[in-house]
Amino acid sequence: MNKTINGSGLRKMFATAFSLVEENKQAIDALNVFPVPDGDTGTNMSLTLKSAATEMNACETNTIEAICVAFNRGALKGARGNSGVITSQIIKGICSVLMSCVNEVDIKTFARAIQSGADMAYKAVTVPKEGTILTVIKSMAERSKQAVKTSKSFEDFLNDIIAHGEATLQMTPELLPVLKKAGVVDAGGRGLMFIFSGFYKALTGECAEVE
C-alpha cells in the first residue's frame with residue numbers, strides 16, 4: 001500500500017491512464033451525444049493522452065517535475081476536440097501542483113492537484129455545462145478533501161474518489177436532458193473515470209508497459 005508516489009510511480013500512473021482510455025475509446029465514442037453526436041470523444045481523449053504519453057516517454061529522467069512538464073506539454077500540444085481540450089486542462093491543473101514536489105507526492109498534495117484540475121477545466125470553458133466531464137471532475141475534487149482525512153493509502157484514496165466519481169457520472173442524465181433521452185451517461189465523464197482507474201491500476205500493479 002502506497003502512502004506516497006515517486007517519479008517512477010507517477011510515470012506508470014500517467015502511462016496506464018492513457019492505455020486504459022486507448023483500450024476503451026470506442027466504448028466512450030459510443031456514448032457521445034453532447035455537445036454534438038459525432039462519436040469522437042473517446043478518440044479525441046485518447047489522441048490527447050497519446051501525445052502526452054509520447055512526450056513523457058521521451059523524458060529521460062524520473063523526477064516528478066520533469067515528468068509533469070513533459071506530460072502536460074504533450075497534452076496541450078496534442079489536445080483534440082472539446083473533450084481533448086478539457087482533458088488537457090485537467091492535466092495542466094494536476095501537473096501544475098504535482099510538479100512542485102521534489103521527491104514524492106503525498107495524498108494531500110494529490111487532492112489539491114485534482115482541485116486544481118477541476119478549476120482549470122472550468123476556466124477553459126466559456127459557458128460550463130453541468131452533466132458533463134466538468135461535473136464529474138468537480139465532484140471528485142470535492143470528495144477528495146474528505147477522502148484525504150479517511151484514507152490510509154493512495155489506493156484507498158483513489159478507490160474512494162473513483163467510487164464517488166462513478167456515482168456522479170451515473171447522475172449526469174438527470175442534469176443533461178440530451179443524455180437522458182439517449183439513455184447514456186456523459187462520454188467525457190466516462191473517459192475521465194478510465195483515466196483515474198488507470199491511476200489506480202498502476203498503483204495496484206496492473207500497469208501499462210513504460211518505455
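## Exercises on helix H1, Thr-48 and the nonpolar core

In this predicted model, twelve of the 17 residues of H1 are buried, so the helix is largely enclosed by the rest of the structure.

**Exercise 1.** Describe the extent of H1, its N-terminal cap and its buried residues.

*Solution.* Begin with the extent: H1 covers residues 7-23 and spans 24 Å from its first C-alpha to its last, which is close to the 24 Å expected at 1.5 Å a residue. Next, look at the N-terminal end, which is capped by Asn-6, with a side-chain oxygen of this residue 3.3 Å from the backbone nitrogen of Ser-8. Finally, go along the helix and pick out the buried residues, among them Gly-7, Arg-11, Met-13, Phe-14 and Val-21.

**Exercise 2.** Decide whether Thr-48 is buried or exposed, and find its contacts beyond four places in sequence.

*Solution.* First locate Thr-48, which belongs to helix H3, residues 41-57. Its relative accessibility is 0%, and because buried means under 20%, Thr-48 counts as buried. Then, setting aside neighbours within four places in sequence, list its contacts, which are Gly-74, Ala-75, Gly-78, Ala-79, Arg-80, Gly-84 and Ser-88.

**Exercise 3.** Find which residues touch the most other members of the largest nonpolar core, and which helix supplies the largest share of this core.

*Solution.* The core has 65 residues, and those touching the most other members are Phe-110, Phe-157, Leu-158, Phe-196 and Phe-199. Several helices, including H1, H3 and H8 (154-175), each supply at least two residues of this core, while H10 gives the largest share, nine residues. As a last step, take Leu-158, whose contacts beyond four places in sequence are Met-13, Phe-110, Phe-196, Phe-199, Tyr-200 and Leu-203.

How values were computed
Residues are numbered from 1 along each chain as its sequence is written. This is a predicted model: local features need pLDDT of at least 70, side-chain atom pairs count only at pLDDT 80 or more; totals for chains, interfaces and linings use all residues. Side-chain values use heavy atoms; hydrogens and water are left out. Helices (H or I, at least four residues) and strands (E, at least two) are DSSP runs, numbered from the N terminus. The expected span of a helix is 1.5 Å times one less than its number of residues. Buried means under 20% relative accessible area, exposed over 50%, partly exposed in between (1.4 Å probe, protein chains only). A polar contact is a pair of N or O atoms within 3.5 Å; within protein, one must be able to donate a hydrogen and the other to accept it, and residues adjacent in sequence count only if both atoms are side-chain atoms. Contact means heavy atoms within 4.5 Å. A nonpolar core is a set of buried Ala, Val, Leu, Ile, Met, Phe, Trp, Tyr and Cys residues joined through side-chain atoms within 4.5 Å.
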